[in-house]
Amino acid sequence: MRHTPRYLMTDPLEVKRLIRGNPWATFVSPASTGLVASHYPALLIEDEHEIVIASHFGRPDEQLHELGDHEILVIIQGPHDYVSPSLYAPGDLVPTWNHVTAHLYGTPEILSEEENYAMLAQLTDHFEKGTPHGRSLSEDEAGTRRAAKGTVGLRMRVDRFDSRAKLSQNKSPEVRDNITGHYERTNAALAAEMRRVADQTAQ
C-alpha cells in the first residue's frame with residue numbers, strides 16, 4: 001500500500017479490532033505456478049499476545065496455494081467508500097477513496113485433523129452465537145467430522161503487518177465532519193471509523 005505517514009495504523013490492538021470486525025479475508029500465495037488468491041474467514045485467536053489467526057481452506061485450495069511452504073499475504077478489508085469532491089470545499093476537485101485495510105504476513109501452520117475440527121467448531125460457534133436458534137457442529141459430530149475432511153485448517157502467527165486507516169485526515173475538521181455526516185446516512189461503519197480517528201486525534 002502507498003506509504004502515507006498520516007494514514008499508518010501501527011497499533012496491533014487496532015489491527016486485531018479490524019480483523020475481529022471484518023473476518024472475511026483474502027489469502028494470497030506466491031505459489032510456484034504464480035499468484036493464487038482465495039477467500040475464507042479469518043478468526044482472531046483472542047488469547048494470544050501477538051496477532052494470530054485461524055482459518056480453513058477447502059480442498060484442493062491448500063495444494064494450489066502450496067500452503068505451509070512459504071509466507072502468505074492475508075488481506076483484511078474494513079469499511080470503505082468513494083469520497084466525492086462535492087463533499088469538499090469549493091475548488092477542491094480531486095476525489096478519493098476512504099478505507100481501513102490491513103495486510104498480514106506470515107507462514108501458516110497446517111493443523112492436524114483433530115485440530116482442524118476443533119477450529120471449525122470454534123469458528124461455527126463464533127458466528128452462530130448471535131443467531132437465533134444458532135447451530136453447533138456437535139449436534140451431529142459424526143456427520144460434521146466427515147464434512148471437515150474436505151477442509152484443511154491453518155493457524156498463522158502474523159510476523160509483520162502493513163495497515164492503513166485512510167479517513168480524510170488530510171482535510172480540515174469542517175470537511176471531515178461533512179464527509180462523516182454523509183457516511184452516517186450511507187455507510188455507518190465507515191462513519192464510525194472516521195469518528196474514532198477524529199476522537200483519537202482530539203485526545
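## Close-up views of a predicted model

**Figure 1. The side chain of Arg164 comes within 2.8 Å of the backbone oxygen of Arg2.** This is a predicted model, so please read every distance here as computed from predicted coordinates. A second backbone oxygen, that of Met1, is reached by the Arg164 side chain at 3.4 Å. Arg164 sits in strand E9. Is Arg164 buried or exposed? Its relative accessible area is 4%, under the 20% limit, so Arg164 counts as buried. Leaving out residues up to four places away in sequence, Arg164 touches Met1, Arg2, His3, Thr4, Tyr7, Leu8 and Met9, along with His99, Val100 and Thr101.

**Figure 2. The largest pocket has a volume of about 280 Å³.** Two elements each give two or more residues to its lining: strand E6, spanning 96–106, and strand E9, spanning 160–166. In total, 14 residues line the pocket. Which of them lie nearest the centre of the largest pocket? They are Arg2, Thr4, Tyr7, Thr96 and Lys166. By residue class, the lining divides into five nonpolar, five polar and four charged residues. For anyone moving here from the previous view, Arg2, Thr4 and Tyr7 are also among the residues that Arg164 touches.

**Figure 3. Asn116, in helix H3, makes a polar contact with Thr151 through their side chains.** Helix H3 covers residues 113–128, and the side-chain contact between Asn116 and Thr151 is 2.9 Å. The Asn116 side chain also reaches a backbone atom, the nitrogen of Gly153, at 3.1 Å. Between these two partners in numbering comes Val152, whose C-alpha atom is 6.7 Å from that of Asn116, although 36 residues separate the pair along the chain. Which residues does Asn116 touch, once those up to four places away in sequence are set aside? They are His56, Leu111, Ala148, Thr151, Val152 and Gly153. Asn116 has a relative accessibility of 4%, so it counts as buried.

**Figure 4. Arg20 and Glu46 meet side chain to side chain in a polar contact of 2.7 Å.** Arg20 belongs to helix H1, which runs over residues 12–21. With neighbours within four places in sequence left aside, Arg20 is in contact with Leu44 and Glu46. How far apart are the C-alpha atoms of Arg20 and Ile75? They are separated by 13 Å, with their places 55 residues apart along the chain. Arg20 has 39% relative accessibility and therefore counts as partly exposed.

**Figure 5. The peptide bond from Arg59 to Pro60 is cis.** Its omega is near 5°. Where is Pro60 found? Pro60 lies in the loop that leads from strand E4 (52–58) to helix H2 (61–64).

**Figure 6. Glu66 has a positive phi, although it is not a glycine.** The phi value is about 55°. Glu66 is placed in the loop between H2 and strand E5, the latter covering 72–83. With a relative accessible area of 22%, Glu66 is partly exposed.

**Figure 7. Ser168 also has a positive phi without being a glycine.** Here phi is about 65°. The loop that holds Ser168 lies between E9 and helix H5 (173–186). Is Ser168 buried or exposed? Its relative accessibility is 3%, so Ser168 counts as buried.

**Figure 8. The protein chain, shown as a setting for the close-ups, has six helices and nine strands.** Its C-alpha atoms fill a box of roughly 65 × 45 × 30 Å along the principal axes. The chain has 203 residues, and buried residues make up 44% of them. About 11100 Å² of the chain is exposed, with carbon and sulfur atoms supplying 53% of that area. What share of contacts between residues at least 6 apart in sequence join residues at least 24 apart? The share is 72%.

Conventions
Residues are numbered from 1 along each chain as its sequence is written. This is a predicted model: local features need pLDDT of at least 70, side-chain atom pairs count only at pLDDT 80 or more; totals for chains, interfaces and linings use all residues. Side-chain values use heavy atoms; hydrogens and water are left out. Helices (H or I, at least four residues) and strands (E, at least two) are DSSP runs, numbered from the N terminus. Buried means under 20% relative accessible area, exposed over 50%, partly exposed in between (1.4 Å probe, protein chains only). A polar contact is a pair of N or O atoms within 3.5 Å; within protein, one must be able to donate a hydrogen and the other to accept it, and residues adjacent in sequence count only if both atoms are side-chain atoms. Contact means heavy atoms within 4.5 Å. On a 1 Å grid over the protein atoms alone, a cavity is a set of points where a 1.4 Å probe fits but cannot get out, and a pocket is an open set with protein on both sides within 12 Å along at least five of seven lines; lining residues have an atom within 4 Å of a point. Grid points are joined across faces, edges and corners, and a volume is the space filled by probe spheres set on the points. Ala, Val, Leu, Ile, Met, Phe, Trp, Tyr, Cys and Pro count as nonpolar, Asp, Glu, Lys and Arg as charged, and the others, Gly among them, as polar. Accessible areas come from the Shrake-Rupley method with a 1.4 Å probe; for residues, only the protein chains shown count as cover.
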